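Q: Could you take one part of this predicted model and go through it closely, from its ends and its packing to its charged side chains? I would like a connected account rather than a list.

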Amino acid sequence: GETKIPFYLNLVFFTICLYQLSLIPRDNKYIKIDAWFGDLSYPIYLCHWIVAVVITYIVNIEPSISLFFYCVPVIFLVSYLLARIVENPIEIIRRKIALQVLRPSTEK
């Protein structure tokens, strides 16, 4: 049978990593970089295939490491634009609605 030792070693390793990351002060400049990448993660997930297909068509290149290098800057640009133009305004509206719903009513 398969050994489960690598799974549990990996679990211990990542637990230690998460604990160490939790000790980083919130005002650390790396937290801001991490938050920026975190904000781009979902837009990257949404657009990476579309960007790859479009670039494959425009540049007429086969899937390869070259395609990867063509795509990465475009994926980051498109993801940044999605985050700025779509997600940020929606998040502002969502927060306003959440505040109205969660705010206790003073009128009776």
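What follows is a close look at helix α3 and its surroundings.

A: The model discussed here is a predicted one, and the part chosen is helix α3, which covers residues 65–102. At the start of α3, a side-chain oxygen of S64 comes to within 3.3 Å of the backbone nitrogen of S66. Further along, α3 bends by about 35° at E87, and a proline, P89, follows within four residues.

The packing of the helix can be read from its buried residues, which are L67, C71, I75, S79 and A83. The cover over these buried residues of α3 includes helix α2, residues 29–59. Contacts of single residues add detail to this picture. S79, which is placed in helix α3, is buried, with a relative accessible area of 0%. When its neighbours within four places in sequence are left aside, S79 is in contact with L40, P43, I44 and C47. On the same basis, with neighbours within four places in sequence again left aside, A52 is in contact with L67 and C71.

Several of these names return in the largest nonpolar core, which has eight residues, namely C47, V51, A52, I55, I61, L67, C71 and I75. The elements that give two or more residues to this core are α2 and α3, and the largest share, four residues, comes from α2.

The cysteines deserve a separate word, since a bench reader may want to know about bonds between them. A disulfide is a covalent bond between the sulfur atoms of two cysteines. A search of the whole structure finds zero disulfides. For C71, which is buried with a relative accessible area of 5%, the closest cysteine sulfur belongs to C47 and lies 9.8 Å away, so the two are too far apart for a bond. C47 and C71 are nevertheless both listed among the eight residues of the largest nonpolar core. Another cysteine, C17, is partly exposed, with a relative accessible area of 27%.

The charged side chains of α3 come last. The structure holds two salt bridges, and E91 takes part in one with R94 and in one with R95. In the salt bridge between E91 and R94, the N to O distance is 2.7 Å, and these two residues both lie in helix α3, three residues apart, which is about one turn of the helix. In the salt bridge between E91 and R95, the closest N and O atoms are 3.2 Å apart. E91 and R95 are separated by about one helical turn, because they stand four residues apart in helix α3. Taken together, E91, R94 and R95 are linked in a network of salt bridges.

The accessibility of these three residues can be given one by one. E91 is partly exposed, with a relative accessible area of 27%, and R94 also counts as partly exposed, at 46% relative accessibility. R95, at 53% relative accessibility, counts as exposed, because the cut-off for that class is over 50%.

To draw the account together, α3 has buried residues that include L67, C71 and S79, with α2 as part of what covers them, and α3 also holds E91 and R94, which are linked with R95 in a network of salt bridges.

Key: Residues are numbered from 1 along each chain as its sequence is written. This is a predicted model: local features need pLDDT of at least 70, side-chain atom pairs count only at pLDDT 80 or more; totals for chains, interfaces and linings use all residues. Side-chain values use heavy atoms; hydrogens and water are left out. The bend at a residue is the angle between axes fitted to the seven residues ending there and the seven starting there. Buried means under 20% relative accessible area, exposed over 50%, partly exposed in between (1.4 Å probe, protein chains only). Contact means heavy atoms within 4.5 Å. A polar contact is a pair of N or O atoms within 3.5 Å; within protein, one must be able to donate a hydrogen and the other to accept it, and residues adjacent in sequence count only if both atoms are side-chain atoms. A disulfide is a pair of cysteine sulfur atoms within 2.5 Å. A nonpolar core is a set of buried Ala, Val, Leu, Ile, Met, Phe, Trp, Tyr and Cys residues joined through side-chain atoms within 4.5 Å. A salt bridge is a side-chain nitrogen of Lys or Arg within 4 Å of a carboxyl oxygen of Asp or Glu.
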